[in-house]
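Here is a short briefing on selected local features of one structure. Keep the sequence and the 3D view open while reading.

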Amino acid sequence: MKVSRKWLNEYIDISTYSNAEVQEALTRSGIEVESFYKISSAQGVIVGQVTAVKEHPNASKLKVCTVLVDNNEEHQVVCGASNVIEYAKVAYAKVGSTVNGTMIEKAEIRGVESYGMLCSLSELGIEDRVIDEDNKEGIVLLSNSLKLGRDVVTELGFDDTVFELGLTPNRSDCLSIIGVAYELSAIFNIPLKSKVISYPEIDTDKQILELFVSSKDTSYFSLMPLHKVKLSESPQFIKSRLMACGIRPINNIVDITNYVLLETGQPLHAFDLHKTGNNIEVRSGFKGEKLLTLDETEVTLSPKDIVVANQDTCLSLAGVMGGINSRVSKYTTDILLECAVFDSAVIRETVKISEIKTDASTRFEKGVDINRCEMALKLAVSLLIQHADAKVSVNPIVYKSPDILENPEVIELSYQKLCKYVGFNIEVEDVVDILKRLQFKFKYENEVFKVQKLSRRLDVESDVCLIEEIVRLYGLENIEPVLPKLTLKSATVDGLDSKELVLKGILQGIGYSEAVTYALTSEKKAYVDLDIDESLIKIANPISSEREYLRKSILPSLVEAISYNIDRQNHDVKLYELSQINYLKNGEVVTGGKIAAAISGHVLEFPLFDFKMTNDFYFIKGTIQKLFGITGLVEGTDYDILPSDDIPEFFHPYQSAKIVKNGVIIGYLGKVHPSITKHDIYAFEGEFQAFKDIFKDNVVVGSVSSLPSTKRDLSIVVPIGTSGMSMIKKARELNIEDLDDIMIHDIYTDQSLSGNKSVTFRLKFSNSEKTLTDEDVNSYVEKIIESFANEFNATLR
Amino acid sequence: MELVIIKESFEIEINRARTSKEIHEISVNYLGKKGSITTMLKDIKQLPQEERAQKAKEINVLKNEIQEAINIRREEIRDEEMIAKLESEKIDVTLPGLYVNNGVIHPLTKMKLRIESFFKTMGYDILSGPEVELDYYNFEMLNFPKDHPAREMQDTFFIDEIHLLRTHTSPMQVRTMQGNEEKTPLRIISSGKVFRRDEDDATHSHQFMQLEGLLIDRDISLAHLIGTLQELARFVFGQDRNIRVRPSYFPFTEPSMEVDVDCFNCSGAGCNICKGTGWIEILGAGMVHPNVLRSSGYDPEEFSGFAFGVGIERIVMLKYGITNIRDFYTNDIRFIAKTSSRDGGMI
């Protein structure tokens, strides 16, 4: 909402407050003033008259004008506007004036001297969107009545400040000049001025119209016929104020309805009386009924909509927009002015379905003041008489719903509750003063404030609303901050959170940084694997197809983040993410969690020291081993990492594996398939729950043996296809208690081994009771060799 | 052999010795089992009885002298050798070091944990909730009836008639209050991803992280809310910060407010970060609306409470002078590392 300071001044005298003070005061009381600015910042632009227009000798599109600013002062100005004509009064920015923040200087344009410029409205600082048709192209042509040499900004009414309000949805009362004036009156404790509207005496009860209101959602409806109106341009002050408040002037009739809307917050609509006829009905729309609205949209109506109609046809979509069939045109002589109150919820529904939003509907949607209708209509009629030559012969015909209460409802607020709510003993006099400033009618009896609701403040509907009104004017800043006195208790942390931190700590220790990617993505990037009974959650109203689905997998986004880094020359990247995921299983929403990591480039690269380690499959596998290893879980015993034919196509078929725990697949790892990325990226993704489940609440760790352990290397030759893990598992199955660890130390093959490979194991033995002897260890190693020989055809090398 | 000759030859040899090995040889030659001094001492027996004591005394004096000289020389040579060895090991310490990169936590998570840690000290329970929410929890139970104009404040991603992407973390207020069968006092913090149907640009993001706080108890007042938020602002932005509260509007709180902190960069004088106003908006808050309490089974005449919501991105952006919100989601490792580690702030 944009508010003109001069316009406000018609209702309240705030001349002692600066613009900044007004901004601060309104913002502090809850009406945020986002900014304030002068309508036009131009300085020294004066009224001139073009006395001669000549062709420019060197440019066909330019003209050389002589501009008279005084009886004997003339200047030569080069002008490019096509609408410059002799004898026109123009906005002349002479040398030394300021336009758009730039000082105008003498210039030479294509070889001709130019002393200043002729301005368009846009150059004077008016937004293009709100400039009227006549002034859209070329320079502004001023009224002939303006005196030469006068300041154009002042003459056009642009010497005004606009406050731009950022209103919260509850404060629709401030969608008008009057509403903001009420607010300022309460804040500054300045009485409102009473506005005198000159309205003719009409001493007849005669009606020329018949009105029938059947719509239950219409609480007030009035119509005023006006005759012999002259359609023309609006007077300058109306045009300037509309433009200042963001509305484009069209003609005097439309402009006056908009002017009244801005001033009072009450939307009005003008029909052409000849097109509507004298019998008007306000009813629900018929199912399938159609209306072509002023913006040439065909709206299909339903019984939920309210329409204004005559016997034959629907004339307007009430509260939203008029129909083309009854619009005011240049042939209009008699009009019908509508001023009404419709149910806000109904208008909201109509706006939602018709997708038409207007300044009128915005106000109806939030509720207008039923007690301001009469005044708004009178203001419009008086302006139409003054500026459109309208003639009136009858009083408006008015319908009021029988449901409207005679007496306003009363809200009760106990002093005790107020004090408890604000946290200190506020003075009764202060409360009384605030309620008076807000112009509430109230009584204070038995420590209870009994306050009548205001029709212009529909948002104040309960005792806590009153508390809000009181504190916002008392000043939130005047409340002394106090920490609550609470019962001591320990904080519980969602189990997920602490386990999450342990996992994150380990990943960060290995060099992974945490990424946060978007949950919404394209269908293609939303999953790595999807079971037959699973589907993705689709957004009904997405912004783009790139953000249309909720992901079931984090991995595609993580790979994208890695690529983003590589493209920016960050080649060595390790990222991980832990995130909630959501998808459908048999049509039901499933909320789960995933843990994913992706790597590219090097773990370490220091050519200077001949030191290089590349991120590869085994690094990502090691990451999983490390994570599971926190609680001592061992691959091959507690979980398996296995090659498989049914790995999702996201991965390279021969450099990938599934992670299996207790017979269930809990994740996948491997090289990202080359069809997905051109970079060498390795990654894993697992069920977060499975990684969390490795933690037990009660764990007995015991102590670590202080006796030295014994190391032994064992080299064997086995057929080339023998899997490393199968041999390790075999050794473990022997249940040699003193075998702490068995690791593959080296693998090599050459022709001399003819289809076999040599594998060196490093074995570690220890016993917590005694230092192992050579004999002990030898017997263990023998056992292992024997089992390898039986199982894998292994021979000692 | 005469002692004098032994002494002379020893002095020549010891002065000639340059290495520990040579010293060792000298020591063996003179004092070892078959060394000349040892031999002389053995030979004393062959002397007449009356000469023996005198001779032994002389030999022992020489033996001690030799031993002393060897010890001194050995020390000297050891020192020289150590110096030589160290010199031979000289490296260029100005060459770059070798290190393994550590990973860091994302700046959004870090700030979330930081604020959570603050509230944990006051006994707030830490919870999290679903991103796919029901209209019922996201709006209806929070006093946004169907078609309420305030729903437009939060442009929503819808899934179907009843499901949507949560537009704020506030549904957890309702879930927690409803879930607390005993209707006893509550203190919770709940944070996570939230979604608004905004086009992404430097200051808008269709996904962002919010942290929600809720306190329900008897006799909770506006003064308590303001007090708590002032402590929070000081914890995050520094002990000498002050807050400013302005009335605002949220359907689920009344009175509602927005909270500004005085600019930590210019202390209120006006700068780029605070857009010249001296104040920076950091969060929205208010007293829990009686309708919300009532619909979650709490009696608003017995209980009152406050709630607040913090945009984590906004706080991190302000604290570290980040101007583009998209930086949080492109995951450039340089950005993550820089933003998460520079201030040394604890989690």
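**Helix α2 of chain B**

In α2(B), the buried residues are B:Ile23, B:Ile26, B:Ser27, B:Tyr30 and B:Leu31. Seen down the helix axis, these buried residues fall within an arc of 100°, so they line one face of α2(B). The model is a predicted one. The points below take the helix, then the cores, then one strand residue.

**Length and cover of α2(B)**

- Helix α2 of chain B runs over residues 20-31, twelve residues in total.
- At 1.5 Å a residue, α2(B) should span 16 Å, and its end C-alpha atoms are 16 Å apart, so the two agree.
- The cover over the buried residues of α2(B) includes three helices of chain B: α1 (3-16), α3 (36-43) and α4 (49-88).

**Packing of α2(B) on α3(B)**

- The axes of α2(B) and α3(B) lie 3 Å apart, at an angle of about 10°.
- That angle is under the 35 degrees cut-off, so α2(B) counts as roughly parallel to α3(B).
- From α2(B), the contact is made by B:Asn29, B:Tyr30 and B:Leu31.
- From α3(B), B:Ser36, B:Ile37 and B:Thr38 take part.

**B:Ser27**

- B:Ser27 sits in helix α2 of chain B.
- Its relative accessible area is 16%, and the cut-off for buried is under 20%, so B:Ser27 counts as buried.
- Beyond neighbours within four places in sequence, B:Ser27 is in contact with B:Gly32, B:Ile70 and B:Arg74.

**Nonpolar cores**

- The largest nonpolar core has 166 residues.
- Within that core, B:Ile282 and B:Phe308 touch the most other members.
- Apart from the largest core lies another, of 33 residues, among them A:Tyr512, A:Ile599, A:Leu627 and A:Phe688.
- Neighbours within four places in sequence aside, the contacts of B:Phe308 include B:Phe119, B:Ile189, B:Leu211, B:Leu225, B:Leu229 and B:Leu283.
- B:Phe308 is also in contact with B:Glu212, B:Gly213, B:Gly284 and B:Ala285.
- In soluble globular proteins, nonpolar side chains tend to be buried together.

**A:Ser579**

- A:Ser579 lies in strand β32 of chain A, residues 573-585.
- A:Ser579 has 7% relative accessibility, so it counts as buried.
- Residues up to four places away in sequence aside, A:Ser579 touches A:Arg551, A:Ile554, A:Gly592, A:Gly593 and A:Lys594.
- A:Ser579 also touches B:Lys193, a residue of chain B.
- A:Lys658 is 79 residues from A:Ser579 along the chain, and their C-alpha atoms are separated by 20 Å.

Methods. Residues are numbered from 1 along each chain as its sequence is written. Chains are lettered from A and ligands numbered from 1 in the order in which they are written. This is a predicted model: local features need pLDDT of at least 70, side-chain atom pairs count only at pLDDT 80 or more; totals for chains, interfaces and linings use all residues. Side-chain values use heavy atoms; hydrogens and water are left out. A nonpolar core is a set of buried Ala, Val, Leu, Ile, Met, Phe, Trp, Tyr and Cys residues joined through side-chain atoms within 4.5 Å. Buried means under 20% relative accessible area, exposed over 50%, partly exposed in between (1.4 Å probe, protein chains only). Contact means heavy atoms within 4.5 Å. Helices (H or I, at least four residues) and strands (E, at least two) are DSSP runs, numbered from the N terminus. The expected span of a helix is 1.5 Å times one less than its number of residues. The arc is that of the directions from the helix axis to the C-beta atoms. Axes are lines fitted to C-alpha atoms, for helices over the stretch in contact, and angles run from 0 to 180 degrees between N-to-C directions. Angles under 35 degrees count as roughly parallel, over 145 as roughly antiparallel, 65 to 115 as roughly perpendicular and the rest as oblique.
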